[in-house]
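This report describes one protein structure in plain terms. Look at the sequence and the model first, then read on.

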Amino acid sequence: MLKVLLVSALFASVASAREEKAHTHGGARLAIALEGKNGKIDFDAPASAIYGFEYVAKSAKDKKSKEQGLKKVEDKIAEMVVFDPSAKCEIKKDMYEVDQKENHADVEFEFRVICEKSPMGTNITVNISKIFPRIKAVKVDVVGDGVQKSLEVKNSGESIELK
Ligand SMILES: [Zn+2]
């Protein structure tokens, strides 16, 4: 229970940071909270970077693009946020939503991370712009088990050491 509360508290602080965040085309935000063998990933990006537009999808073609873009996040998350293979981590989607405003929209995903071994002491590689090339910069926050890091990843393949 304490662990659940701790992870919830970490994500409450991430969520409040998200509300303060300006909507930036070409920018995304990644928050990773880890504890022991488990964790959570929160990924937010402007809809334009994920499915190509931000107005309300009305045509069949736009609805399809939107659906495909959202599915790509779910299908490719383990290539976007790559844990060290030694930890044998699985990433599963918990929920997602599209925060649709009048002329802009944000895509928000939450994932669960379940590993066979704690990934602490290994590296996480952030490869988001390889999968979504419209994302040029990712603000990354990592918290958990004595680690707290904030950085901006501008190129794919950048590694973050979990220690
Ligand atoms: Zn926008």
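## Leu30 and the nonpolar core

Apart from neighbours within four places in sequence, Leu30 touches Ile41, Asp42, Phe43, Val81, Val126, Ile128, Val138, Lys139, Val140 and Asp141. These contacts are read from a predicted model. Leu30 also belongs to the largest nonpolar core, which has 38 residues. The residues with the most contacts inside this core are Leu30, Ile41, Phe43, Ile50, Met80, Val81 and Ile135. Strand 5 gives the core its largest share, six residues.

## The chain as a whole

The protein has four helices and nine strands. Read from the N terminus, their order is α-β-β-α-α-β-β-β-β-α-β-β-β. Of the 163 residues in the protein, 42% are buried. Among the contacts with a separation of 6 or more, 63% are between residues 24 or more positions apart. The exposed surface of the protein is about 8,800 Å², and carbon and sulfur atoms supply 51% of it.

## The zinc site

Which residues coordinate the zinc ion? The donors are His23 (NE2), His25 (NE2), Glu54 (OE) and His104 (ND1), at 1.9 to 2.0 Å. Along the chain they follow the spacing H-x1-H-x28-E-x49-H. The arrangement is tetrahedral because the angles subtended by the four donor atoms are 101 to 118°, and the cut-off asks for all angles between 85 and 135 degrees. Two of the donor residues, His23 and His25, are partly exposed, with relative accessible areas of 27% and 46%.

Ser48 is in contact with two of these donor residues, His25 and Glu54. Leaving aside neighbours within four places in sequence, its other contacts are Phe53 and Arg134. Ser48 lies in helix 2, which covers residues 47-51. Is Ser48 buried or exposed? Ser48 counts as buried because its relative accessible area is 17%, and buried means under 20%. Ser48 and Asp106 are 58 residues apart in sequence, while their C-alpha atoms are 8.3 Å apart in space.

## The disulfide

A disulfide is a covalent bond between the sulfur atoms of two cysteines. A search of the whole structure finds one. This disulfide joins Cys89 to Cys115, with an S to S distance of 2.1 Å. The link connects distant parts of the chain: Cys89 is in strand 4 (residues 89-100) and Cys115 is in strand 5 (residues 105-115), 26 residues apart. The link of Cys89 and Cys115 is right-handed, with 105° about the S-S bond. Cys89 is partly exposed, at 22% relative accessibility, whereas Cys115 is buried, at 7%.

## Two residues with positive phi

Most residues other than glycine have a negative phi. Lys88 has a positive phi although it is not a glycine, and Asp145 is a further case. The table lists both.

| Residue | Phi | Place | Relative accessibility |
|---|---|---|---|
| Lys88 | about 50° | loop between strand 3 (81-83) and strand 4 | 52%, exposed |
| Asp145 | about 45° | loop between strand 7 (137-144) and strand 8 (147-153) | 43%, partly exposed |

Why does Lys88 count as exposed? Its relative accessibility is 52%, and exposed means over 50%. Asp145, at 43%, counts as partly exposed.

Definitions and conventions: Residues numbered from 1 in each chain as written. Predicted model: local features only at pLDDT ≥ 70, side-chain atom pairs only at ≥ 80, totals over all residues. Heavy atoms only, no water. Disulfide = S-S within 2.5 Å. Helix = DSSP H or I, 4+ residues; strand = E, 2+ residues; numbered from the N terminus. Buried < 20%, exposed > 50% of the residue type's maximum accessible area, 1.4 Å probe, protein only. Contact = heavy atoms within 4.5 Å. Areas by Shrake-Rupley, 256 points an atom, 1.4 Å probe, with all protein chains shown as cover. Donors = N, O, S within 2.8 Å, 3.2 Å for Na, K, Ca; no water. Tetrahedral: all angles 85-135°; square planar, octahedral: opposite > 155°, others 65-115°. Core = buried A, V, L, I, M, F, W, Y, C linked by side-chain atoms within 4.5 Å.
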